[in-house]
Amino acid sequence: MRFVAKRAGVGFAALLACTGLLTGLAGCKGSDIGMSSKPRSPAEVIQVTPEDGAKDVEIGDLIEVRVPSGRLERVTMRRVEDAQPVEVPGHLSEDGTSWRPDAGKVQLAAKYTVDVVALDGHGNRQARHTRFTTHVPAERFIGYFRPENRSVVGTGMIVTFQFSRPITNRAAVERGITVTSKPPVEVVGHWFGKDRLDFRPREYWRPGTEVTVAMRLRDVQAGPEMYGIQRKTVTFTIGRSQTSLVDAAAHSMVVRRDGKVLATLPVTAGSEHTATYNGKMVISEMLEVTRMNGATVGFTDADGKGEYDIKDVPHAIRLTDSGTFMHGNYWATPDTFGSRNVSHGCVGLRDVKGGSDRTPAGWFFDRALIGDVVEVVNSKDKTVAPHNGLSGWNLAWPAWKAGSALA
């Protein structure tokens, strides 16, 4: 008898069974021999975790595409509902049967789609489309930072972050921020309370250094049900070196540029009862003109009004958050500068009403940068607190490093 190997999808063994020549087979139905079983659905062939339509998925939950048999041909996972869909990178297992997104690439409060093409164990191609959304945190936090992107600053600049909410998981947040430089130096973070983190090197930056601040805070958990949202990189450059030494007792300020004396200027510092802080302070703000009212910093008369209220203080340079400035002074007599200390804690330089670049105050203002260090010595007040403005240089390096959550 002559046999055909295959006909209409029935194999050689099936033909034998149908002609009675192969014993042990009851009939010739394809289901009896497993060759024409019911087609499998895409969901059976391609298993996607989380399930289609899932909500509130945590970023630590399992996200996977798997085929029990066969192999994956293509997996595309995208974050959608942005201005442009963003593809999520992932990796395929060695045997080609499973796929997972790369670590750290899935975000909270986002919607994702997964598109898969695969071959089942019989070589049939199947496709599947699913979607899911990730958990939306109850609270978010951001860090307001200085200096500004692409700025040129002085050698004493300290990178500072003020967070919008108190941070309880400080190590996770500090780990999410890196400060690097060219040429490289060690840069360490220091926490002041629960909402401020500063970074500085051991010594002042070298002129010309390029500094990069990378914020990888999105989805970093900073506390119970509180996550970050920032993913940003900023850079700034260190300019020339300029430091100024104010001797409150001598009523003078020596300005040094790249180690050489640039000028010696007469000043008036804080009076005996309102002395200027001692210590190193970093210029954090520069204003051509500003209003200064004593009531805003606690200097009030019996009626509650400020002991002074000057609406047009020229050449104002902020040294502390509590209100210490170096500024132009046009209301004191010229012989005050270099001979007496009469201010409420600021360092005054001679100026004229409206300001002038030909006065000591105008001359200094035109040559200063945010990030320059001004140090005060021989004042009758205490040393400025390291968290008052950018005054962290008053901490020795071991004490600074001890304030890191990663120490």
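## Contacts and overall make-up

In this protein, 63% of the contacts between residues at least 6 apart in sequence join residues at least 24 apart. The model is predicted. It holds six helices and 29 strands.

The protein has 407 residues, and 44% of them count as buried. The exposed surface comes to about 21,200 Å². Carbon and sulfur atoms supply 50% of that surface.

## Helix α5

Helix α5 covers residues 360-367. Six of its eight residues are buried, so the helix is largely enclosed by the rest of the structure. The buried residues include Pro360, Ala361 and Gly362. Trp363, Phe364 and Phe365 are buried too.

## Gln242 and its surroundings

Gln242 lies in strand β21, which spans residues 242-247. Is Gln242 buried or exposed? Its relative accessibility is 1%. The cut-off for buried is under 20%, so Gln242 counts as buried.

What does the side chain of Gln242 reach? It comes to 3.3 Å from the backbone oxygen of Arg367. The side chain of Gln242 also makes a polar contact of 2.8 Å with the side chain of Arg257. Arg367 falls within the residue range of α5, so this part of the picture links back to that helix.

Which residues is Gln242 in contact with, leaving aside neighbours within four places in sequence? One group is Val255, Arg256, Arg257 and Leu262. The others are Phe364, Arg367, Ala368, Asp372 and Val373. Phe364 is also one of the buried residues of α5.

## The largest pocket

How much space lies in the largest pocket? The volume is about 430 Å³. The pocket is lined by 22 residues. The closest to its centre are Asp102, Ala103, Gly104, Lys105 and Val106.

Two elements, β5 (86-88) and β7 (98-101), give two or more residues to this lining. Strand β5 gives the most, with three residues. By type, the lining of the largest pocket divides into nine nonpolar, three polar and ten charged residues.

Methods:
Residues numbered from 1 in each chain as written. Predicted model: local features only at pLDDT ≥ 70, side-chain atom pairs only at ≥ 80, totals over all residues. Heavy atoms only, no water. Helix = DSSP H or I, 4+ residues; strand = E, 2+ residues; numbered from the N terminus. Buried < 20%, exposed > 50% of the residue type's maximum accessible area, 1.4 Å probe, protein only. Contact = heavy atoms within 4.5 Å. Areas by Shrake-Rupley, 256 points an atom, 1.4 Å probe, with all protein chains shown as cover. 1 Å grid on protein atoms, 1.4 Å probe; cavity = no way out; pocket = protein on both sides within 12 Å on 5 of 7 lines; lining within 4 Å. Points joined across faces, edges and corners; volume = space filled by probe spheres on them. Nonpolar A, V, L, I, M, F, W, Y, C, P; charged D, E, K, R; others polar. Polar contact = N/O pair within 3.5 Å; in protein donor to acceptor, adjacent residues only side chain to side chain.
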